[in-house]
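Here are my notes on the model you sent over. Have it open while you go through the points.

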Amino acid sequence: MKQQTELNRGLEERHITLMSLGAAIGVGLFLGSAKAIQLAGPGILLGYLIGGIIIFIIMRALGELAVREPVAGSFAEYARKYVSPLAGFLTGWNYWLLWIFTCMAEITAVGIYMKVWFPDSQGWVWALAALVLMTSINFIAVKFYGEFEFWFALIKIVAIVAMIILGTLTIVIGLGNGGTPVGISNLWSHGGFLPNGFGGVLLAMQMVMFAFLGIEVIGVTAGEAKNPKKTIRKAVNNVFLRILVFYIGALFVILSIYPWDQVGANNSSPFVLLFQSLGIPAAAGIINFVVLTAALSSCNSGIFSTARMMMNLSENSEAPRRFSKISKNGVPALATILSGVALLVGVALNYFLPEDVFAIVTSIATFGAVWTWAMILIAQMRARKVHGSAEFAVPFFPVANYIALAALAGVIVLMAFDASTRIALVVGPLWYAILIAVYYARGMHKETRQSIRKASGE
């Protein structure tokens with residue numbers, strides 16, 4: 001039988017539309033928003049608006065690149081081509097590691113969520129079960145992965161839409177409040193809209209940006225989309241609208257009904273508070289199911305992304321060549337298995353390390369995400385110089401790019417002011433230093449020069 005050499009384009013428009021929606025809705029919203037609210041108060045709405053604008057600029061830059069060149073390696077390939085081979089190498093391995101860290105956090109979260117229903121069970125057992133399930137789904141076929149992610153994303157979307165509708169009825173007609181409209185005065189009645197000043201909003205920006213981590217997976221799907229120009233363009237254009245509805249809309253409702261200083265108390269989810277106020281007895285169970293699917297969805301996307309990135313690194317001789325092999329189902333099987341095996345470390349962490357590891361690994365993932373987003377912006381700027389005009393152009397180019405880059409740099413600086421995120425400023429640069437050392441020690445820079453000479457006919 002002839003060896004499969006290309007990824008299957010098995011992702012349809014509905015898959016990518018829901019995947020891009022699901023990527024923007026995760027644990028960062030369901031649980032992380034509580035910490036952000038404690039830091040910024042109602043002003044967190046402004047934080048998500050600012051973050052949403054930054055992400056929209058980044059996604060339009062990625063969309064411009066992906067519409068022109070829909071490749072599986074996505075931003076690593078763009079960084080390699082338009083910035084430098086070293087930048088592509090760092091971006092590919094950076095993205096692989098950040099999703100490994102993120103998935104470790106997610107499978108650990110699965111163990112925590114399942115213990116709500118089975119308090120006497122061991123969390124590491126559920127973490128291992130989630131890892132095996134998600135790896136298996138990615139191993140079967142990309143269309144099956146797309147279907148699984150489609151339904152996972154749909155669960156999250158339906159839950160948030162229901163919450164917004166019911167919460168709006170509480171605000172307007174007093175549903176669950178004895179028929180007395182709640183109104184929106186809670187947005188300014190407890191210390192003002194910015195109770196901790198604008199500085200509180202700035203301190204919350206790390207958690208805000210973490211919430212958006214994963215949205216760039218839209219670019220990774222380009223290599224397996226049936227009609228990438230149409231589907232990627234549509235998914236990217238809807239990013240900002242989704243952020244307005246699902247993040248700002250949901251939190252507007254919650255913060256209108258509850259005083260901000262009561263939201264997130266005792267590490268409770270803001271969403272549980274709302275459902276409880278509506279008199280739904282099974283509120284905790286409903287939200288636990290939703291956040292469980294959110295964690296599984298994120299892990300599912302992470303294994304998908306890391307496998308494709310590993311395949312791209314392999315194709316460029318930046319990882320062992322065996323990881324570029326495609327199975328008969330049209331998926332990078334060995335690369336998928338490697339990601340699954342690496343995540344076994346997460347199962348071990350779930351067993352041995354304390355609960356604050358979740359905050360540590362997510363901050364490291366955010367550091368990696370900032371690098372990825374910055375590379376997308378820089379690669380798009382370089383590509384514009386090469387190609388001139390673009391079919392799907394970034395609005396207000398290049399001013400928008402510089403604003404987004406400055407904002408990303410600001411997020412890194414702000415991470416130094418929080419003890420739980422400061423470790424990322426050590427681990428991140430150390431990881432890049434190791435990668436650079438490997439790059440030069442293995443002579444990859446010499447191979448790059450040789451390939452350039454061959455391509456130019458020297």
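1. Start with the long-range picture: 81% of the contacts in the protein chain with a separation of 6 or more come from residues 24 or more positions apart. Contact here means heavy atoms within 4.5 Å.

2. Some ground rules. This is a predicted model, where local features need pLDDT of at least 70 and side-chain atom pairs count only at pLDDT 80 or more, while totals for chains, interfaces and linings use all residues. Numbering runs from 1 along each chain as its sequence is written, and side-chain values use heavy atoms, with hydrogens and water left out.

3. On confidence: pLDDT is the predictor's confidence in each residue, from 0 to 100. The protein chain has a mean of 81, with 82% of its residues at 70 or more. By element, helix α18 (residues 399-414) has the highest mean, 95, and helix α20 (residues 444-456) the lowest, 54. Over residues 451-458 the pLDDT is below 50, and beyond near neighbours in sequence that stretch has one contact in the model.

4. The secondary structure is 20 helices and zero strands. These are DSSP runs numbered from the N terminus, with helices being H or I of at least four residues and strands E of at least two.

5. Burial and surface: of the 458 residues in the protein chain, 56% count as buried. Buried means under 20% relative accessible area, exposed means over 50%, and partly exposed is in between (1.4 Å probe, protein chains only). The accessible surface comes to about 18,300 Å², and carbon and sulfur atoms hold 67% of that. The areas come from the Shrake-Rupley method with a 1.4 Å probe; for residues, only the protein chains shown count as cover.

6. The largest nonpolar core has 132 residues, and those with the most contacts inside it are Tyr 48, Ile 55 and Met 209. Helix α6 (residues 85-117) gives the most to this core, with 18 residues. The term covers buried Ala, Val, Leu, Ile, Met, Phe, Trp, Tyr and Cys residues joined through side-chain atoms within 4.5 Å.

7. Tyr 48 turns up again among the aromatics. Rings of Phe, Tyr and Trp (its six-membered ring) pair if their centres lie within 6.5 Å; planes under 30 degrees apart are stacked, over 60 edge-to-face, and the rest tilted. By that rule there are ten aromatic pairs. Tyr 48 and Phe 212 make an edge-to-face one, at 6.2 Å centre to centre and 90° between the planes. Tyr 48 is in helix α4 (residues 44-68) and Phe 212 in the loop between α9 (197-211) and α10 (217-220), so the pair ties together parts 164 residues apart in sequence. Tyr 48 is buried at 0% relative accessibility, and Phe 212 is buried at 0% as well. Together with Tyr 247 they form one aromatic cluster.

8. Which residue's side chain does Arg 80 join in a polar contact? The partner is Glu 318, at 2.7 Å. A polar contact is a pair of N or O atoms within 3.5 Å; within protein, one must be able to donate a hydrogen and the other to accept it, and residues adjacent in sequence count only if both atoms are side-chain atoms. Arg 80 lies in helix α5 (residues 74-82) and is buried at 10% relative accessibility. Leaving aside neighbours within four places in sequence, the contacts of Arg 80 include Pro 85, Phe 89 and Leu 313.

9. Arg 384, in helix α17 (residues 357-387), has a polar contact of 2.9 Å between its side chain and that of Glu 64. Arg 384 is buried, with a relative accessible area of 16%. Not counting residues up to four places away in sequence, Arg 384 also touches Ser 389, Ala 390, Ala 393, Val 394 and Phe 397.

10. Ile 160 in helix α8 (residues 142-173) is buried at 0% relative accessible area. Its C-alpha is 9.2 Å from that of Val 245, 85 residues apart along the chain. Outside its neighbours within four places in sequence, Ile 160 is in contact with residues including Ile 25, Phe 246 and Phe 271.

11. A last local detail: in helix α3 (residues 32-40), the buried residues include Gly 32, Ile 37 and Ala 40. Just after α3, Gly 41 takes a positive phi of about 65°.
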